[in-house]
Amino acid sequence: MRNFQTLKNMKMKSVKWIKPSLLMRVMILLFLSFGMKLFFSCTPPPPVDIFYNSVRLIGIDNSGQFMRSYENIDTIYSNAMALKLTILDTSYNYYASLNGIMKSLSFSTAMALSINEAFNPVNKVVQIKVQTLFDVDDDIKAGDDISIHILYADGYDFELYESVNSAISRLNGTQNTPGGSVEMVFKKSIKNTKAQFYVEITLDNGQVLSCVSDTFTIIGA
Amino acid sequence: MINSLLILLMLVCFGLKAQTPKIKNRELSFSIGTSNHNVPKFTSNQDLDFLNYVDCDPEYFEYLIVKLGYKFDLTSKISADIKLLLMDDLVPDNYDIIAKYHFNNLIDFGLGSILTKSYISNFEEYQRQSLPDYHLVDDNMQQFKCYEIGFYLTPMVKLIQSEWFQATIKCDMGMASYLKKEVTFYHKKRLSNERMIYNYKTKTTFQPYIKPGVDLQLQAFKTKNTAVGFSLISIFHYGKKSIKYERTIQKWTSQNQVNEPISPPKHTYSKLEINFGFYVQW
């Protein structure tokens, strides 16, 4: 019986709770809350909704081994007429700049560098129509719809060209910038010394976006 | 002439009968050797002929071959001989396996399978030369590591089989085929938007070959249960080969494609191989 009492006393002595100070408790609370914020901040953010409202059309060099879709040119070989069509949400820039100001009022979100923002176009593209503003050859005159002679490409691979439907799918998919772009190539040879194109994009809300390219000087016509 | 040959054959047979039966039934062997391939090239080709680009130089013995062998008896009449073949890269990805049936002391009959490796390189040159108006998008050298699988029957005649020296001649007769390979070339026309893809898919086509050879074994010394000796193997491989394939050409879009089966002309293929090594029997 005496041995049992001794053992009980020893156990009571060994369990000794440390009561944290107020400062310590605040620090623990802050540590836990920031830890949780860090954990959840590292998950990919949900795609941001964008609304296409602008179209740009530039000439690109596709005469060499690789398509140079990052350079704007105004002189193009007659068999290598290529354009880059960019459709974008210009209002996102205001949101982004405002978002930066709002962030500075609070703790900025911790985010891993490898996580890119994703953008989801709300209004989908349903049609891309291309017209020539100069005569192309004896059969295709100024004002003609040349959409059937246009093929599409992804400027960063060597695969074969795609149809307009693939290009529309790409523009309607999730983007990594507040806009999408496709490269357009003209299958026919241009027999004129000048070329200019008009592009019309119809969205599923009935909105029509359009633009006119620069006037290109054609070599080897 | 025929009579003298018969007399010679009888003498050999009597000589074999007079010898004591071989008691060793397991053998490990190691040999190192070299081989010389020769595949004559055809100069004018309408279509790509992969065998024009086999890595071979008739002037030199270019391949190093290491053989690791294990021979053992399955029954009193049947034995197996497994050889693992290592090329210059020392990867044991080639083999020669044979099961032998011993008819008598003079003749064996074998059924085997062989897998060998060879390299076909620089065939992208054909694309460059045949399409001068087009860029070849991938400028890198192309190479196939080609495995050829064969199945063969082989009669073997044990010419001399004394305790110290054995000489065997054999002639493998079989069918062999290269295993399937695939390669794609991306082309872009100069000063034009046109893009084009050439896709080649080779087919499995078994073609006949013969492989006569001589196998010599000289015993160096022996203990109570073990014998150690040297071996010399010489093989000559001869056959007519071609690599048939399916060619797909796509222009502008993947929907616009043309498929064609291509059968290039047959090349005379010859290979001389010499190996020297040692064996341990127990």
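Helices (H or I, at least four residues) and strands (E, at least two) are DSSP runs, numbered from the N terminus. The model shown in every view is predicted.

**View 1. Chain B combines 2 helices with 15 strands.** The radius of gyration of chain B is 24 Å. The globule rule gives 19 Å for 282 residues, so chain B is more spread out than a compact globule. Its C-alpha trace spans about 80 × 40 × 35 Å along the principal axes. Of the 282 residues in chain B, 24% count as buried. Long-range contacts are also counted for this chain. Among contacts between residues at least 6 apart in sequence, 63% join residues at least 24 apart.

**View 2. Chain B meets chain A through 13 of its own residues.** On the other side, 15 residues of chain A take part in the contact. Two elements of chain B each give two or more residues to the side that touches chain A: β9 (182–189) and β10 (195–202). By class, this side of chain B holds 5 nonpolar, 6 polar and 2 charged residues.

**View 3. An open sheet in chain A is built from 3 strands.** Their order is β6-β10-β11, and the pairing is antiparallel. Strands β6 (125–132) and β11 (208–212) of chain A are the edges, each pairing on one side only. Neighbouring strands of this sheet are turned by 15 degrees against each other on average, direction ignored. Strands of a sheet pair through backbone hydrogen bonds, either parallel or antiparallel.

**View 4. Strands β10 and β11 of chain A pair over 5 bridges.** Strand β10 covers residues 197–203 of chain A, and its pairing with β11(A) runs in the antiparallel sense. A:V199 has A:C211 in β11(A) as its bridge partner.

**View 5. A:L57 is in strand β2 of chain A.** That strand spans residues 54–61. Is A:L57 buried or exposed? A:L57 has 20 C-beta neighbours inside 10 Å, so this leucine counts as buried; the cut-off for a buried residue is 20 or more. Leaving aside neighbours within four places in sequence, A:L57 is in contact with A:L83, A:L85, A:F197, A:V199, A:C211 and A:S213. Both members of the bridge pair in View 4, A:V199 and A:C211, are thus named among the contacts of A:L57. In sequence, A:L57 and A:V199 are 142 residues apart. In space, their C-alpha atoms are 7.9 Å apart.

Terms used: Residues are numbered from 1 along each chain as its sequence is written. Chains are lettered from A and ligands numbered from 1 in the order in which they are written. This is a predicted model: local features need pLDDT of at least 70, side-chain atom pairs count only at pLDDT 80 or more; totals for chains, interfaces and linings use all residues. Two strands pair if DSSP finds at least two bridges between them. Axes are lines fitted to C-alpha atoms, for helices over the stretch in contact, and angles run from 0 to 180 degrees between N-to-C directions. Two residues are in contact if their C-beta atoms, placed from the backbone, lie within 7 Å. Ala, Val, Leu, Ile, Met, Phe, Trp, Tyr, Cys and Pro count as nonpolar, Asp, Glu, Lys and Arg as charged, and the others, Gly among them, as polar. The radius of gyration is taken over C-alpha atoms; the globule rule is 2.2 Å times the number of residues to the power 0.38. A residue is buried if 20 or more other C-beta atoms lie within 10 Å of its own, exposed if 12 or fewer, and partly exposed in between; C-beta atoms are placed from the backbone.
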